[in-house]
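Okay, everyone, let me put the structure up and walk you through a few spots I picked out. Shout if you want me to stop anywhere.

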Amino acid sequence: MIRFKNVTKIYDTGIKGLKNVSFSVEKGEFLFIVGPSGSGKSTLIKLILKEEEPQSGEILIDGQNIANVSHKNVPYLRRQIGVVFQDFRLLPNKTVYENVAFAMQITDATHREIKRNVPATLSMVGLHKKARSYPRQLSGGEQQRVALARAIVNRPPILLADEPTGNLDPDTSWEIMMLLSDVQKQGMTVLVATHAWDIVDNMKKRVIALKNGTILRDVKGGYEN
Amino acid sequence: MNFFPTRRRFSSVINNAFFYIAEAFKSALKNSLMSVCSIITIFICASLLIISYSVAVNIRECLRQIESAVGIAAIIDDSVPDEELDKIYNAIADIDDVKEVHFVSAQAALASFADSLEEGSDIVMGLENDNPLRRSFEVVVYRAKDQKAVVKLLSSETFVDMGVVKVRQAQDVTEFLEGVSNFANIVCAVIIFVTAVLSVILITTTIKITVASRKNEITIMKYVGATDSFVKWPFRLEGAFIGGIGATVAAAVSAITYPLIVHAISEQFSFITNIASFLPTEEVFPIIAPIAIISGILLGALSAVGALRKYLEV
């Protein structure tokens, strides 16, 4: 589903975000990307979203080199990829329902489709009773659930999560990770960039460890395995 | 997986249109403080434009009225019989640049001259039996600049043969008024141009501040997969609404206050209205009001999109 082939990313400051990184992720797989700050986790996410361009190498999604996706078609790439960020990034002037519905609105979904899918997705993340609330009225965990609902409402094949539990307490973090695991069981390919080592070890999924922009380890069954 | 746009259903185009309009209204209401600032800015700029235009057209109209009042006098020889005067009148009236022709008898000329004197009018009226003044035709042209050509024509052999012995005009006054009119036109054009440029700068700056305060929102929309067009349309419409509202209010306020201002000026400076009159509201506003409103709408929409450009590169 996702394949990095000898990808190198160097920022304008000269800092190497990724150095000659190669790996692949199968369809429906759950992958943790771990590493300390500055190891390249967020760079990897940005490259998949085409927020940044690599200096060398290829990034293939579903066999297609995303370097060939022009700027005006980047939105159509991003509609295939749900994203959850550490800081939630909800639209502050829209309700929970409207935030999730927005993701469908941009794909030209009909009113009927929106009315059917949004409540179902909110139920899936346990927020159907908060549909009319605004983000500022929610806890951090609830906001992240809304972000997750927005990311999956269109049933994208890929879900990226960049430090999704970074601003959350341990219990809430675990709940979010369980939701991500549920999403993966429905067939989505899930990549989670995180440095929540305890969660990574408990979930026993495939782990790619980055350090200074290179892959240190690529193991299955948890980091300590 | 498809990374290209698919063919859009007509219903989704309509849905999106309603969505954009709804988003534009909601956004304008939710960011009411910035919306009000933008409306006030556009109101001021539109008002300045309308005022500049009103002043320009009224100055032009007043000067035109003064110009046309400065006439030409075609003096008729005493030997021309009264029956021939109609022929001369028609010949003068047939000249294209001539607006009006009035016959002035010798007696009327003498009485008018006597009225113009502060002292000695009795002496002048004593000359009734030996009137030195002759019959004449007072000729009024449409534009002061046409006077020279008309004078030349009246001095030609055709009219001399008919009995025109002399043609008199207020040459210096005519040239002065022509100069003043040209100067006023230039000054007003410059004022209107400068007002328009300042309006664009002010409106663009205000809307840039509005858009900058919502750059996070724009970035989030781009991450979720919104196209540039999808992001732009609500802002474009919001800018158009705000521009339209500001300009419409400016046009309405100006239309209401214009006659009051004209009346106040007429009262305070009655010497102006003795020689010329201001244009009525219905001759000024049907032209400038739609221009101001359409300009406000376009400026609001274009400024919004211009301000958005740098935030769309995500």
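So, A:Lys185: you'll find this residue in helix α6 of chain A, which covers residues 170-185. Is A:Lys185 buried or exposed? Exposed, because just 11 other C-beta atoms lie within 10 Å, and the cut-off for exposed is 12 or fewer. Now look across to A:Glu29: the two are 156 residues apart in sequence, yet their C-alphas sit 9.0 Å apart in space.

Keep in mind that this is a predicted model, with ipTM 0.86 and pTM 0.70. For chain B, the mean pLDDT is 80, and 83% of its residues get to 70 or more. Among the chain B elements, helix α3 (residues 85-93) has the highest mean pLDDT, 91, while helix α5 (residues 121-125) has the lowest, 59. Where pLDDT is low, the predicted coordinates shouldn't be read in detail.

Okay, staying on chain B, helix α12 runs over residues 281-308. From first C-alpha to last, its 28 residues reach 39 Å, close to the expected 40 Å. Where does α12(B) bend? At B:Ile288, by about 25°, with a proline, B:Pro290, following within four residues.

Last stop, the inside. The largest nonpolar core has 110 residues, and A:Ile33, A:Val100 and B:Ala292 make the most contacts within it. Helix α10 of chain B, residues 228-268, gives the most to this core, 13 residues. There's also a second, separate core of 13 residues, including B:Ile92 and B:Val150. Back to A:Val100 for a second: leaving out residues up to four places away in sequence, its contacts include A:Val118, A:Leu122 and A:Val146.

Terms used
Residues are numbered from 1 along each chain as its sequence is written. Chains are lettered from A and ligands numbered from 1 in the order in which they are written. This is a predicted model: local features need pLDDT of at least 70, side-chain atom pairs count only at pLDDT 80 or more; totals for chains, interfaces and linings use all residues. Helices (H or I, at least four residues) and strands (E, at least two) are DSSP runs, numbered from the N terminus. A residue is buried if 20 or more other C-beta atoms lie within 10 Å of its own, exposed if 12 or fewer, and partly exposed in between; C-beta atoms are placed from the backbone. pLDDT is the predictor's confidence in each residue, from 0 to 100. The expected span of a helix is 1.5 Å times one less than its number of residues. The bend at a residue is the angle between axes fitted to the seven residues ending there and the seven starting there. A nonpolar core is a set of buried Ala, Val, Leu, Ile, Met, Phe, Trp, Tyr and Cys residues joined through C-beta atoms within 7 Å. Two residues are in contact if their C-beta atoms, placed from the backbone, lie within 7 Å.
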